[in-house]
Amino acid sequence: LQEGGVQVSWPKGQEGQRYHFQLSRDAQFRRIAQENTLEDNSIALPGLGIGTWYMRVAAVDDDGFTHPYGPTQVLKTGCMPCRVLAGVGIVLVILAL
C-alpha cells in the first residue's frame, strides 16, 4: 500500500504486449469501477474506498488480440475492526430506538 492508494503490478508479458486492467466491486465484473489499457505491467489506484475490490488483467498483443483474463485478484481495503465496531454501533442505536 502507498500513502493514499495502492500500487498493483503483475508479471511482465511478452515484448510489445499491453495490458487490459479492470477493477470492480463485484466478483462477476458486472459494474466496472475502472478500466484501462496500459503499456506498463502496473497501475496506481489512488483513493480506493473501504471495502472489497476485484481486479483482473488480460494481455493484449501488438496486433490487437486480447488474451483471456488471468485469475481475479481480491483486495480488501480499510480497517476491518473499524467496520465491525461501526456495525455493532449501528445495531446498538437501532436497538435503543
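Are W10 and Y19 buried or exposed? Both of them turn out to be buried, and the legends below come back to this pair. Keep in mind throughout that this is a predicted model.

**View 1. The whole chain: 6 strands and 1 helix.**
Start with the overall layout. Reading from the N terminus, you go through β-β-β-β-β-β-α, so to speak strands up front and the helix at the end. The chain has 97 residues, and 30% of them count as buried. Its accessible surface comes to about 6,600 Å², with carbon and sulfur atoms making up 58% of that. If you look at contacts with a separation of 6 or more, 56% of them link residues 24 or more positions apart.

**View 2. An open sheet of 4 strands.**
Follow the strands across the sheet and you meet them in the order β3-β2-β5-β6, with antiparallel pairing. At the edges sit β3 (32–38) and β6 (73–77), each of which pairs on one side only. On average, neighbouring strands here are turned by 20° against each other, direction ignored.

**View 3. Where β2 meets β3.**
Now zoom in on two neighbours from that sheet. Strand β2 covers residues 18–24 and runs antiparallel to β3, and 6 bridges join the two. To find your bearings, pick out Q22: its bridge partner in β3 is E35.

**View 4. The aromatic cluster of W10, Y19 and F21.**
Here is the pair from the opening question, plus one more ring. The structure holds 2 aromatic pairs. In one, W10 and Y19 meet edge-to-face, with 5.7 Å centre to centre and 70° between the planes. In another, W10 and F21 are stacked, at 6.1 Å centre to centre and 10° between the planes. Why does the stacked pair tie together separate parts of the chain? W10 lies in the loop between β1 (5–9) and β2, while F21 belongs to strand β2, so the pair links parts that are 11 residues apart in sequence. Like W10, F21 is buried.

**View 5. A salt bridge between D26 and R30.**
How many salt bridges does a search of the whole structure find? The count is 1. D26 and R30 form a salt bridge, and their closest N and O atoms are 3.8 Å apart. The pair counts as a salt bridge because the cut-off is 4 Å. The partners sit in contrasting surroundings: D26 has 7% relative accessibility and counts as buried, whereas R30 has 60% and counts as exposed.

Technical notes:
Residues are numbered from 1 along each chain as its sequence is written. This is a predicted model: local features need pLDDT of at least 70, side-chain atom pairs count only at pLDDT 80 or more; totals for chains, interfaces and linings use all residues. Side-chain values use heavy atoms; hydrogens and water are left out. Buried means under 20% relative accessible area, exposed over 50%, partly exposed in between (1.4 Å probe, protein chains only). Contact means heavy atoms within 4.5 Å. Accessible areas come from the Shrake-Rupley method with a 1.4 Å probe; for residues, only the protein chains shown count as cover. Two strands pair if DSSP finds at least two bridges between them. Axes are lines fitted to C-alpha atoms, for helices over the stretch in contact, and angles run from 0 to 180 degrees between N-to-C directions. A salt bridge is a side-chain nitrogen of Lys or Arg within 4 Å of a carboxyl oxygen of Asp or Glu. Rings of Phe, Tyr and Trp (its six-membered ring) pair if their centres lie within 6.5 Å; planes under 30 degrees apart count as stacked, over 60 as edge-to-face and the rest as tilted.
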